[in-house]
Amino acid sequence: MEKRHNGRHETFSFTAPSATSVQLVGDFTHWKDHPIDLHKGQEGTWQTTVDLRPGTHRYRFLVDGQWCDDPDCNLRVANPYGGQDDIRQVH
């Protein structure tokens, strides 16, 4: 698992009990260039903690290779591919 430093600890989680792989991708991972693998925990919740610099960050999840929105994220913006990116604000 790759972690970014010089920032604040931010935890990302995604519930997918039947998934075999969940990855976090975003502007802070250069999207699919450096995805971060989440680790499966109890009841099928996948999780990772990364260091993010203060600011606004776009991200999404890749669940078994399929783009997925974060159901716990209420802030999204349109992306150039006709979908939406989730937004994480780090203070």
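This passage walks through a three-stranded sheet and the loops around it in a predicted model.

The sheet is a good place to start. It is open and built from three strands, arranged in the order β1-β5-β4 with antiparallel pairing. At its edges stand β1, covering residues 8-15, and β4; each has a single partner strand, so one side of each is left without a neighbour in the sheet. As general background, the strands of a sheet pair through backbone hydrogen bonds, and this pairing can be parallel or antiparallel.

The two pairings can be followed in turn. Between β1 and β5 there are eight bridges, and the two strands run in the antiparallel sense. Within this pairing, Phe 12 is found opposite Thr 48 of β5. On the β4 side, two bridges join β4 to β5, again with antiparallel strands. Here the facing residues include His 39, which stands opposite Gln 47 in β5, and Lys 40, which stands opposite Trp 46 in β5. It may help, when looking at these strands, to recall that side chains in a regular strand alternate between the two faces of the sheet.

The connection between β4 and β5 deserves a visit of its own. These strands form a hairpin with four residues between them. In the loop that links β4 (39-40) to β5 (45-52) lies Glu 43. The phi angle of Glu 43 is near 60°, a positive value in a residue that is not glycine. Is Glu 43 buried or exposed? Its relative accessible area is 73%, and because exposed means over 50%, Glu 43 counts as exposed.

Another loop residue can be set beside Glu 43. Ser 18 has its place in the loop between β1 and β2, the latter spanning residues 22-26. Ser 18 is exposed too, with a relative accessible area of 71%. Along the chain, Ser 18 and Glu 43 are 25 residues apart, and their C-alpha atoms are separated by 10.0 Å.

A positive phi also turns up in a further loop. Asp 64, a residue other than glycine, has a phi near 50°. Where does Asp 64 lie? Its position is in the loop between β6, residues 55-63, and β7, residues 66-68. The relative accessibility of Asp 64 is 39%, so this residue is classed as partly exposed. Taken with Glu 43, whose phi is near 60°, Asp 64 gives the reader a second loop position with a positive phi to look for in the model.

Conventions: Residues numbered from 1 in each chain as written. Predicted model: local features only at pLDDT ≥ 70, side-chain atom pairs only at ≥ 80, totals over all residues. Heavy atoms only, no water. Buried < 20%, exposed > 50% of the residue type's maximum accessible area, 1.4 Å probe, protein only. Pairing = 2+ DSSP bridges.
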